[in-house]
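Here are a few short exercises to work through with the structure in view. Try each task before you read its solution.

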Protein chains: 2
Amino acid sequence: MYKMSILLFPHVGLFLAILISCVESKYMVYNTSQTIVPGKLNVHLVPHTHDDVGWLKTVDQYYVGSNNSIQGACVQNVLDSIVPALLADKNRKFIYVEQAFFQRWWRDQSDEVQKVVKQLVSSGQLEFINGGMCMHDEAVPHYIDMIDQTTLGHLFIKEEFGVTPRIGWQIDPFGHSAVQAYLLGAEVGFDSLFFGRIDYQDRAKRKTEKSLEFVWRGSRSLGSSAQIFAGAFPEHYEPPSGFYFEVNDDSPIVQDDINLCDYNVQDRVNDFVAAAILQANITRTNHVMWTMGTDFKYQYAHTWFRQMDKLIHYVNIDGRVNALYSTPSIYTDAKYATYGSWPLKTDDFFPYADRANAYWTGYFTSRPALKRYVRMMSGYHLAARQLEFFGGRSNAGPNTDSIADALAIAQHHDAVTGTEKQHVADDYAKRLSIGYMEAEELVAASLACLADSTSNNRCRSRTTKFQQCPLLNISYCPASEVNLSQGKNLIVVVYNSLGWKREDVVHIPVINENIIVHDSEGREIESQLLPVANAYLGLRDYYVQAYLGRTPNKTPNYRLAFKVSVPPLGFNTYTISSAKMTDVSSTKSYVQTFRRSENSTVEVGQENLKLTVSTDEGKLTNYINNRSLVEEIIEQSFSFYAGYDGRNDTNPQNAGAYIFRPNGTYLIKPEGQVPLTVVRGPVVNEVHQQINRWIYQITRLHKGKEHVEVEFIVGPIPVDDGIGKEVATQITTKMETNKTFYTDSSGRDFIKRVRDYRTDWNLEVNQPVAGNYYPINLGIYIQDNRKEFSVLVDRSVGGSSLVDGQIELMLHRRLLLDDSRGVAEALNETVCVLDECRGLTIQGKYYFRIDPLGEGAKWRRSFGQEIYSPLLLAFAEEDDDSWMDSHTPTFSGISSSYSLPENVAVLTLQELADGKVLLRLAHLYEIGEDKDLSVMTSVELTKLFPGKKIDKVTEMSLSANQERREMEKKRLVWQVEGMSGEESKVVRGGPVDPTKLVVELAPMEIRTFVIDLDGISGQYVSDA
Amino acid sequence: MYKMSILLFPHVGLFLAILISCVESKYMVYNTSQTIVPGKLNVHLVPHTHDDVGWLKTVDQYYVGSNNSIQGACVQNVLDSIVPALLADKNRKFIYVEQAFFQRWWRDQSDEVQKVVKQLVSSGQLEFINGGMCMHDEAVPHYIDMIDQTTLGHLFIKEEFGVTPRIGWQIDPFGHSAVQAYLLGAEVGFDSLFFGRIDYQDRAKRKTEKSLEFVWRGSRSLGSSAQIFAGAFPEHYEPPSGFYFEVNDDSPIVQDDINLCDYNVQDRVNDFVAAAILQANITRTNHVMWTMGTDFKYQYAHTWFRQMDKLIHYVNIDGRVNALYSTPSIYTDAKYATYGSWPLKTDDFFPYADRANAYWTGYFTSRPALKRYVRMMSGYHLAARQLEFFGGRSNAGPNTDSIADALAIAQHHDAVTGTEKQHVADDYAKRLSIGYMEAEELVAASLACLADSTSNNRCRSRTTKFQQCPLLNISYCPASEVNLSQGKNLIVVVYNSLGWKREDVVHIPVINENIIVHDSEGREIESQLLPVANAYLGLRDYYVQAYLGRTPNKTPNYRLAFKVSVPPLGFNTYTISSAKMTDVSSTKSYVQTFRRSENSTVEVGQENLKLTVSTDEGKLTNYINNRSLVEEIIEQSFSFYAGYDGRNDTNPQNAGAYIFRPNGTYLIKPEGQVPLTVVRGPVVNEVHQQINRWIYQITRLHKGKEHVEVEFIVGPIPVDDGIGKEVATQITTKMETNKTFYTDSSGRDFIKRVRDYRTDWNLEVNQPVAGNYYPINLGIYIQDNRKEFSVLVDRSVGGSSLVDGQIELMLHRRLLLDDSRGVAEALNETVCVLDECRGLTIQGKYYFRIDPLGEGAKWRRSFGQEIYSPLLLAFAEEDDDSWMDSHTPTFSGISSSYSLPENVAVLTLQELADGKVLLRLAHLYEIGEDKDLSVMTSVELTKLFPGKKIDKVTEMSLSANQERREMEKKRLVWQVEGMSGEESKVVRGGPVDPTKLVVELAPMEIRTFVIDLDGISGQYVSDA
């Protein structure tokens, strides 16, 4: 126990001293100048506010302080009031985190205020911590979105203030990912990372072992080269009980005026010392941090500082402990200065339970439509920025700033998580939609600029108005639903944002049936017309009306599928036209319908992969790959969990937006009468199943592909029985997987999971389902001694392997009760047309494949990139056949001879506002993941910028706000307990030779460069 | 209707104009410089906070912002935040009212802040309004306390800032008194008086007649010479609905950033204009005032000003109405500048009901013990200040500053009113007690200084330690309860603070029975020993233990009554000693006990006044005065009202601390077995009655006095039947009083009341009891064509005449429910010893007398002064008989030949901190009240300061913060509708001739002087 004896030390003189000081000076000056005192327990008071970038109110409502009937919160007040509070005493400090708010505020300030704030930042009184646009969630955002939103905030801070945040501050997110630690922590250049929420069992153990603070190595591949000092708070990110000082808070204020009643200085000093010692007893070193603030506090900053001034003054007169104004940076440096060593932490902090039966694993799936929308926009954003670069960025717009901003905000831990109120979810979607519309305009213009010319005078004329189809997922695409029988042709420009040449199949709804598809060289392309399933037609009409306010005026007769081939970072053009008498038009699919009563099996698939489906139960039964010789008995099913109603429990805990707490699992049996339909053709084979009234499923095999694509339509989930339901699907094999499965961390590294087990403590299992759920962003896989079975997803979902050989994904949730974590709404999403509302229906896909053991990574990594970056389609019409002659039909942004290595992806190719280029290259493989590809690889920069001269290449930190070299130099090197420091050095890519311009990438490495190109800027703008 | 058409005027340009201004300037500057625009509707935004000087929290808790779990309120925040908010824009304005808070704050400020605030005051941005220590109640405080607390605040403001408040601002008190209007309004020099609470029926009528603003002549005697412009707010003292801008308030803020969502400028402008027109439609002239604030608001002043800045900016761009920052002064001047004439208002605004069945007449009696304590302290304060002057004031103390401060705070409209929480009532009592203890010390020292010397070397030696007995009302007086049988003598110094010589009877508890009383010249004084009633002994022991924490160690055997005669503003000394064998010792009383079964009558009284009491019912039956020949059949009874329990009503309204809502009247019948006791003797005759278990009454006639004194002990009121009760007493005559009775206004003017009738509107009677209750401070009387029957009280109580010939007083209230006016506690007072609590018992007195018609005023006025200023007793012991030789046994502060005229009282004789003397003289009679005394009278100042040279006499305003001449010069002269302005001029006392130094006083006139005396200062201090 930490120096308990100091409590007993008599301080009789204190009261007298205070009395005298009070009586003598009518105006009291508090001594707040204390800094760290060695040998004493130092209590670091860290004044902070936690400002959710949307939750119960929208981000703008939080900023301006409207809608206060929902929640009293106004960030403008916080920032307005903090400035004079800091100016009033140069010892006071404050940290600010969420740049989405700070940027709004900054825009509103006068030059005088901006000048003063710059001084406060430069003196360290005001410190930017974390510094992204929001405090992103760590379970459901994709790591590219995490990087982008952090970069957006960091570059703003760099540009306006010339500083780089040093500390990660993920105090509220509901569990913590490995990617956060190593990528958004160490690789960003942070020296430490603090957070509030870890499993209650974990926390209890760490308290007894004083291991709430540790060194975290989040990446197996990058190991100690990307480690960070991390600290979990003892309780939460709030002050100790009794030290809340917001306007109207009811903690006892320090009453030190002896002329008034209720003088309480000694009481408050004693309270302070007691709380400090309590914390010291579970903390290593003689430094403890008090997070002095919480959600949306410091609306009148003065109220906090007045009390903290007094506490520091009187506690230090008392002398038992040392109290000081501090920041997480100062605290981190103080920890570092102790030269101690720290426990080691690997992997991550999922799942998170704040108490028994309260696993925060429901939110991995909550609001699946919003999650998919965010993921779609994320991929679109990546592509749009490439096209913005190719076309030339316009700061005046249209550009990608708006979608970048909307996406950044959507990564907030109450945004894409689905844990916000409905009106706030609507606001995120609206912002994405607004951002998308501008990006769509930019993309159309850029494609026009690239396509509307045949020579080098690119972008001089942009006459084509390309259309795009964001509602293609529900088979709505006015651009393709044109009547081609009158001689019109439909031009489809297909853009590929990946660094590799890509073969894929495009599906679009069409009207006509006698049509033919040609490539840009006039070759006829194999294509197939599929029936539009009835399940889609109702969905399409309802949702188009709900989203666009109008009923579609046409109904597509077919879905046209055709194979495309697109160069890296480039496009190809296809023409769809009415077939002439002489042509072999698009193949109509062959449709077979099986009644459930027929007891037989049917095989689908062509080439290597074949599936067998039993016609009576409508189930998969067999999976065979003739090339890899993998064969597996396989079944797929749906079930639902009943949402727990804990209202009558002693410790009530309902299932809700955050919490997954099932009250029984119910298998969904296929309803008897509905037939199974098999659709066949040269491009794609499909099995259509109406599972029940509200689940429709298409199992799809594309020619030339060796994975199964499963498309599902789920909803509206019926709740007329008063029971909320969470719908999951299971794919079951006979594999013996020994409780073990692997899930990705934020879409990047895979982490081993063992059912009912935690690496860091002996798990007490009280929720055998919810407590084994993990977030899935990229995929999940299991393996036995011969095979590995992988499932990849199109958005973040919750998933698990609850039974050996089985993978389960939670697809949709509709619940009727709130789960008491503040949102105060049931997660009961509905979609309304006029006054009629229905439960939300979702549409989506997952993909699975079985590989020989050791061969699965290649598909997971490569196809994972294709899922994240789907082909971007742009449509135009032509009246004659002149398109290919008058336009550039194919384009690649990189050297035509070049393709990126199979193990490398371009995460970012972006023209910055100053005309420089931001390039991020990522090695896609972990060490040992693939025998061929988990190796050092390299990219030739010159090939990425054909026709451009590279003036300068500067390697930057991940968020591009400092040179990598500087970052490495400043980085604190933490010692791990029990390790000699002589562990094998992690090999990473070496410096870029300015003459060779080759970038080396070690497994899992992401490298960020700012590149000065000669004459890149203005290509697009000059034309405006 | 006010220009309704302007709503229809199209302002299509506005939105565009705003858009442009927003887009162009990132930092928005709002134009707030607008002043009054003639011809437009001017909306005066008056930013204000209403800070109760104690209510749910104590005054200190409100100031520092502690105890926020009860109510979020911190006045320190308000004042801290207002300074930068005003500095940020010189057009912003703020008014501050309650000096009890402002003074606390001022003491805490640095020199820099004080300097800045002085500039803000001097520029008019910060204006002191009302300016007393608190916003006193108007029903239950005595006018002397109102003057004192106002003076205390006004002198502070004058001294620190050199300004004089111009406006009365009684926005929250629960009804409004005539004295407030003419004395604390006009005579203080205010140009207007604003308030929020008038009867809902009255308000409705005034709205339709646009007579919410009027000229108020509160005094019949002073008429137009003391009139004031007054305004009742249309609703309350809050902003219009939807314009509340405190931190976390949920009114829509003005969102004028087009880059964010929810832009709403036009909506808010429309709301503003609509609210302005609504108010204009019930208001004369084109000026309306918006009270922008409410209880304890502006904790972060910035939040209000930010929104008001925007409203002023955009509303004035819109142009339909004119919005401006204003103050009540600016508003008053604007009203005055219209040169209009206004309706006339006389009398007052009592009682107040805020809706049907909600008469705020319960609080006239609530907490009767606190009310009595305040009144006792008030009289003691007056006397102590005289003695402080005679002894010489010490600024270092002991002095009367502390009791003055405590008394000032106690006048607050949730203090002496009894409408505060219990812990707050305890705090007021504690402050009074602390103030009293210092004053007691001062009084003892001053008396010692005056008595301990025989020549002119006054105050050179002060050896005597005089003791006083604040608990004499429950027969507890350790100083007098000494054993005199050992040869000790008890010295009693009796001080008279009235300006007349006074004959009175003193009652003190004593131990011995063979005792004798001598006057200062050695003459034996007639005295009488009375038994100490059993009812007292229990009360005494319990309350001494409750208040002092110890049981009295003696029990007095007798109450000694003896007659005393004391010079004006002076003292006389009496010696009580053990009677020697030769002496005729004090007469023991003759005690007769009558069983209730005896059916007879008994007569008590000696000399002129005689009462007959029936022994069977224990009731009074007859009243005879042989001198005045008045005779009347008279009965006295007790009853209780059951407190209404409205919890199951549609519109719930319980009886509570504020609200009197009886649910039936129940006569309290004397309980059968308890005997009636008659006590007779040479000094006093008494009839003792135990009315029931919890009511004891003594009816007392003093020799030489022609009034009846009734002493009552009431409580604990039983509530074990679950019903709250309010105890009243009725004194019933046969007089035919035609529904008419007279009650005093704040202890000064009498106002005619007519049952079930209001002068200003046709009363809809829904509460025939509560709606006829009025506050009684001095007394109440009724008259028929031959007699007048007056009752005077020892504290404020509620009273009425509900039946012709009858006067009723509410004596005590104990209720079990809260009445929903915010206090959130039942008025259920208890007193505890250790863990045992009992309902509060109160002890008190009232006095009555019947006079021939036209002769009652003299007793009411003269004896009223005696009740307010009881004789002050100080005790000492002597061992030998040397006292009279070694001390000054008699003293008068004024010339020995002089006495003040019978119709004049000295309200204030006080040495100010600067050594000058503050003197207030009051004419005690209204015009026509007494045929001899309601005339111009005069006081010779030289006689008031014997042995002193008067250097200078300056007549001041009532609150002594400006010269009366200046005040008269500045005063706005308002026109009354339908009056020519040629009404007969009110005659008042003329200027004081500096050579003659005679002060004339017209009926009801109070004149205030600051007097410079030669060498007055230091008499006491020089000795220290």
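**Exercise 1. Work out how much area is buried between chain A and chain B, and what share carbon and sulfur atoms give.**

Solution. In this predicted model, chain A and chain B bury about 3500 Å² between them. Carbon and sulfur atoms give 49% of that area. Now look at chain A: Lys26(A), Arg107(A) and Tyr300(A) lose the most area to chain B, and together they make up 17% of what that side buries.

**Exercise 2. Count the residues in contact on each chain, then find the salt bridges between the chains.**

Solution. Start with the contacts: 45 residues of chain A touch 45 residues of chain B. Next come the salt bridges, and there are four between the two chains. In one of them, Arg306(A) meets Asp80(B) through their side chains, with 2.6 Å from N to O. Elements that give two or more residues to chain A's side include α3 (75-87) and α10 (301-318) of chain A. Sort that side by class and you get 11 nonpolar, 19 polar and 15 charged residues.

**Exercise 3. Find which rotation superposes chain A on chain B, and say how the copies are related.**

Solution. Turn chain A by 180°, with 0.0 Å of shift along the axis, and it lands on chain B with an RMSD of 0.1 Å. The two copies are therefore related as by a two-fold rotation axis. Within chain A, Tyr300(A) comes closest to that axis, its C-alpha being at 3.1 Å. Last step: 100% of the contact residues of chain A recur in chain B, so the same surface serves both copies.

Key. Residues are numbered from 1 along each chain as its sequence is written. Chains are lettered from A and ligands numbered from 1 in the order in which they are written. This is a predicted model: local features need pLDDT of at least 70, side-chain atom pairs count only at pLDDT 80 or more; totals for chains, interfaces and linings use all residues. Side-chain values use heavy atoms; hydrogens and water are left out. Contact means heavy atoms within 4.5 Å. Buried area is the accessible area (1.4 Å probe) that two parts lose on being put together, summed over both. Helices (H or I, at least four residues) and strands (E, at least two) are DSSP runs, numbered from the N terminus. Ala, Val, Leu, Ile, Met, Phe, Trp, Tyr, Cys and Pro count as nonpolar, Asp, Glu, Lys and Arg as charged, and the others, Gly among them, as polar. Copies are superposed by least squares on the C-alpha atoms of residues with pLDDT of at least 70 in both.
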